[in-house]
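User: I would like to go through this model residue by residue and element by element. Please keep the answers short.

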Amino acid sequence: MAKPQPFAGIPNRVIDHPDFNKLSGNEIRLLLWFAYQYKGKNNGKLCAVWSQVKHRGFKSQTTLSNAIKGLRQKGFIELSKGNALTQNGRTPNYYAITWEMVNDIPGFQMDLKPTRTALRTFIDVIDKHKP
């Protein structure tokens with residue numbers, strides 16, 4: 001039997017949501033990059049730095065920044081840990097996709113607290129009752 005292959009998954013309820021239709025092409029490309037990185041237990045430690053995405057269709061750092069800003073404003077990703085200056089240089093911003101729970105990642109301190117449920121379900125009747 002063949003070993004299951006990893007995949008980048010976005011649930012149908014996210015794609016079917018009206019907010020998904022408002023995403024630009026670059027925002028969808030970046031959302032796929034975040035979904036590609038998500039392995040089931042690392043939500044909150046997803047990043048998109050220029051060196052990772054410049055060969056994935058992004059033409060400039062400004063385009064990348066605008067896509068990140070758009071995904072955050074539209075509720076598809078949440079900043080989980082802001083960048084910092086360390087002895088080894090600057091660390092990147094880290095993000096969580098909102099349709100999955102934020103994971104408790106051993107050894108990785110986040111500004112965003114781990115959750116037991118998704119930050120956003122993409123089911124409007126449920127999301128409008130969340131704090």
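User: Which residues is I105 in contact with, leaving aside its neighbours within four places in sequence?
Analyst: This is a predicted model, where local features need pLDDT of at least 70, side-chain atom pairs count only at pLDDT 80 or more, and totals for chains, interfaces and linings use all residues. Residues are numbered from 1 along each chain as its sequence is written, and side-chain values use heavy atoms, with hydrogens and water left out. Contact means heavy atoms within 4.5 Å. By that test, the partners of I105 are K41, N42, N43, G44 and K45.

User: Is I105 buried or exposed?
Analyst: I105 sits in the loop between β4 and α5. Buried means under 20% relative accessible area, exposed over 50%, and partly exposed in between, with a 1.4 Å probe and protein chains only. The relative accessible area of I105 is 12%, so I105 is buried.

User: How far apart are the C-alpha atoms of I105 and K3?
Analyst: Along the chain, I105 and K3 are 102 residues apart. In space, their C-alpha atoms are separated by 26 Å.

User: Which residues have the most contacts inside the largest nonpolar core?
Analyst: A nonpolar core is a set of buried Ala, Val, Leu, Ile, Met, Phe, Trp, Tyr and Cys residues joined through side-chain atoms within 4.5 Å. The largest one has 24 residues. Those with the most contacts inside it are L30, L31 and F34.

User: Which element gives the most to this core?
Analyst: Helices (H or I, at least four residues) and strands (E, at least two) are DSSP runs, numbered from the N terminus. The elements that give two or more residues to the largest core are α2 (25-37), α4 (61-73) and β4 (94-97). With five residues, the top contributor is α2.

User: What is L31 in contact with, leaving aside its neighbours within four places in sequence?
Analyst: L31 is among the residues with the most contacts inside the largest core. Its partners beyond the sequence neighbours are I10, F20, L23, L71, F76, I77 and W99.

User: How many residues are in the other core that lies apart from it?
Analyst: I105, F108, M110 and L112 are among the members of that other core. Its residue count is eight.

User: What covers the buried residues of α2?
Analyst: The buried residues of α2 are E27, L30, L31, W33, F34, A35 and Q37. What covers them includes α3, α4, β1 and β4.

User: How far apart are the end C-alpha atoms of α4?
Analyst: The expected span of a helix is 1.5 Å times one less than its number of residues. For the 13 residues of α4, that rule gives 18 Å. The end C-alpha atoms agree, at 18 Å apart.

User: Why are the buried residues of α4 on the same side?
Analyst: The buried residues of α4 are L64, A67, I68, G70 and L71. The arc is that of the directions from the helix axis to the C-beta atoms. On the other side of α4, T62 and Q73 are exposed. The buried residues share one side of α4 because they cover an arc of only 165 degrees.

User: Which residues does L64 touch, not counting residues up to four places away in sequence?
Analyst: L64 lies in helix α4 and counts as buried, at 5% relative accessibility. L64 and V49 are 15 residues apart in sequence and 8.3 Å apart in space, C-alpha to C-alpha. The residues touched are L30, A48, V49, W50, V53 and F58.

User: Where is the residue other than glycine that has a phi near 65 degrees?
Analyst: Most residues other than glycine have a negative phi. F122 takes a positive value, near 65 degrees. F122 counts as buried, at 4% relative accessibility. Its place is the loop between β4 and α5 (124-127).

User: Which residues does T98 touch, not counting residues up to four places away in sequence?
Analyst: T98 is found in the loop between β4 and α5. T98 is buried, with a relative accessible area of 2%. The residues touched are G75, F76, I77, E78, A118, L119, R120 and F122.
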